[in-house]
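Please open the model in your viewer and keep a selection tool at hand, since this tour moves from one selection to the next. At each stop the text says what to pick and then what is there.

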Amino acid sequence: MRTFYFDHCASTPPYEQVVQTVGELMRLHYANATALHRSGQEAAKLVERARQSVAQSLGAKPEEVLFTSGGTESNNLALKGILFAGGRRVPKHLITTSIEHSSVYNTAKQLERFGIETTILPVDRTGRVSPSDVEAAIRPNTSLVSVMHVNNETGIVQPIEEIAELLAAFPQVRFHVDGVQAVGKVPIRWASVKGIDLYSGSAHKFRGPKGVGFLLRREGIELDPLQEGGGQEEGMRGGTHNLPGIVGMSQALRLTMESMETRRGNMFALRRQLIDAIREIPELVLNVPEDEELVSPQVVNLSYPGMRPEVLVHMLEKHGVYVSTQSACSSKSLKPSRVLLAMGMGEERASGSLRISFGDEHDAKDVGELAERLKMTVAKLKPLERSRG
């Protein structure tokens, strides 16, 4: 039986070229990029070429690219780097939303314990935060606003351009955007959105290696480092450079951005096909709007009210289909989805959600097979609906 991996929001299969590049670099360029000898200097040149490539792919300057270990570190560095900078002489204020990834949401909760005042904004029934709510929440001591670009459970695109525009009137407020699920799926040119100060990305979400990511940092913005070390990344992120990962990420990003428009069109077509199929299964309900202006193309979120999501996941796995519940970072939790609850959905619906996310390898035939296996799974589970709920 052929298997189908529909969990690209959790992680993506790397490009074959990237696998080869990473392996070659591990064999040939294992020197530390901060070493003074020739081998170390060759490694340093490769790091800087990768920095230039990442910058070019995103419309940034090379000096605005900081390399990290991934999206979680990038988000932590953005929030803590801004809010801890300059010490804690005056209480600082953070604004974020109720539907952020746990690496932002839980960090905000942690920062509260360090004395940072935090405002967590609600979202509407489509899962979008209101720019006017952001503006209304700003205080004299507000230092940072953090809003994700694309939600990792629903694919909802947040109005970051509108928020960036309104924040221009508040020059003391920095704006961080978690772009982990957006890179390669939603158009973004760093240079053209002036109000964004920090933007996070993670390589394994766009077919690069795990354990590497980036944080775009607008020129002139200083961050308090999360970890001290040998002064790498302008002293803002100590630690030996992950050369194979960094170069592999830059290659994956270039390949992804070059094909983005074609891929977006393909994934939107698959999304429409899957939504049409879900409509024919009365036990299932969609948790996302169909309006393509509001969503990223790669993800569909649905629920089977009354059925525990892990039962669905494992039954689909028996039929050769891999999907997830909530986000990968929260998938082992049996709690209702915080994101769906914030969108005003009931606990039963929020407790039975599935996330299906596409990738480059999928076509209409694959989604047709997914739909058939989804129907089979629901038919087998229906007698258990109430006893399992």
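The stops below begin with the overall division of the chain and then turn to individual residues.

**The two domains**

Before selecting anything, bear in mind that this is a predicted model. Begin by colouring the chain in two parts, with residues 4–11 and 259–386 as domain 1 and residues 16–254 as domain 2. If you place a marker at the centre of each domain, taken over C-alpha atoms, the two markers will be 28 Å apart. Where the domains meet, 29 residues of domain 1 are in contact with 29 residues of domain 2.

**The cavity**

Next, look for enclosed space, of which the model has 1 cavity of 30 Å³ or more. About 90 Å³ of space lies in this largest cavity. To find the place, select His 8, Thr 12, Lys 185, Lys 205 and Arg 263, which are the closest to the cavity centre among the 15 residues that line it. Which classes of residue make up the lining of the largest cavity? The lining has 4 nonpolar, 6 polar and 5 charged residues. With the two domain colours still switched on, you can also check that domain 1 and domain 2 each supply at least three residues to this lining.

**Helix 2, at Leu 58 and Ala 43**

Now select helix 2, which covers residues 38–58, and go to Leu 58 within it. Is Leu 58 buried or exposed? Leu 58 counts as buried because its relative accessible area is 3%, and the cut-off for buried is under 20%. Show the side chains around Leu 58 and, leaving out residues up to four places away in sequence, you will find that it touches Ile 188, Arg 189, Trp 190, Phe 214, Leu 216, Leu 253 and Met 257. The last of these, Met 257, is 199 residues from Leu 58 in sequence, yet the two C-alpha atoms are 8.3 Å apart in space.

Stay in helix 2 and move to Ala 43. Ala 43 is buried, with a relative accessible area of 0%. With residues up to four places away in sequence again left out, Ala 43 touches Ala 31, Ala 33 and Leu 243. A distance drawn from the C-alpha atom of Ala 43 to that of His 241 will read 9.3 Å, although 198 residues separate the two along the chain.

**Aromatic pairs**

For the next stop, display the aromatic rings, among which there are 3 aromatic pairs. Phe 4 and Phe 6 form a stacked pair, with 6.2 Å from centre to centre and 15° between the planes. Both Phe 4 and Phe 6 are buried. Add Phe 358 to the selection, and you have one aromatic cluster made up of Phe 4, Phe 6 and Phe 358.

Then select Phe 84 and Phe 114, an edge-to-face pair with 5.6 Å from centre to centre and 75° between the planes. The two residues are 30 apart and link distant parts of the chain, with Phe 84 in the loop between helix 3 (71–83) and strand 3 (93–97), and Phe 114 in the loop between helix 4 (102–113) and strand 4 (117–121). Phe 84 is buried, with a relative accessible area of 19%, whereas Phe 114 is partly exposed, with a relative accessible area of 38%.

**Arg 373 in helix 12**

Select helix 12, residues 364–381, and look for Arg 373. This arginine is buried, with a relative accessible area of 7%. Beyond its neighbours within four places in sequence, Arg 373 is in contact with Met 1, Arg 2, Phe 4, Leu 316, His 319, Gly 320 and Val 321; Phe 4 is the residue already seen stacked with Phe 6.

**Two loop residues with positive phi**

End the tour in the loops, beginning with Arg 207, between strand 7 (198–202) and strand 8 (213–217). Arg 207 is not a glycine, but its phi is positive, at about 70°. Glu 234, in the loop between strand 8 and helix 7 (243–258), likewise has a positive phi, near 60°, without being a glycine. Glu 234 is exposed, with a relative accessible area of 52%.

Key
Residues numbered from 1 in each chain as written. Predicted model: local features only at pLDDT ≥ 70, side-chain atom pairs only at ≥ 80, totals over all residues. Heavy atoms only, no water. 1 Å grid on protein atoms, 1.4 Å probe; cavity = no way out; pocket = protein on both sides within 12 Å on 5 of 7 lines; lining within 4 Å. Points joined across faces, edges and corners; volume = space filled by probe spheres on them. Nonpolar A, V, L, I, M, F, W, Y, C, P; charged D, E, K, R; others polar. Domains from an automatic or database assignment. Helix = DSSP H or I, 4+ residues; strand = E, 2+ residues; numbered from the N terminus. Buried < 20%, exposed > 50% of the residue type's maximum accessible area, 1.4 Å probe, protein only. Contact = heavy atoms within 4.5 Å. Phe/Tyr/Trp six-rings, centres within 6.5 Å; stacked < 30°, edge-to-face > 60°.
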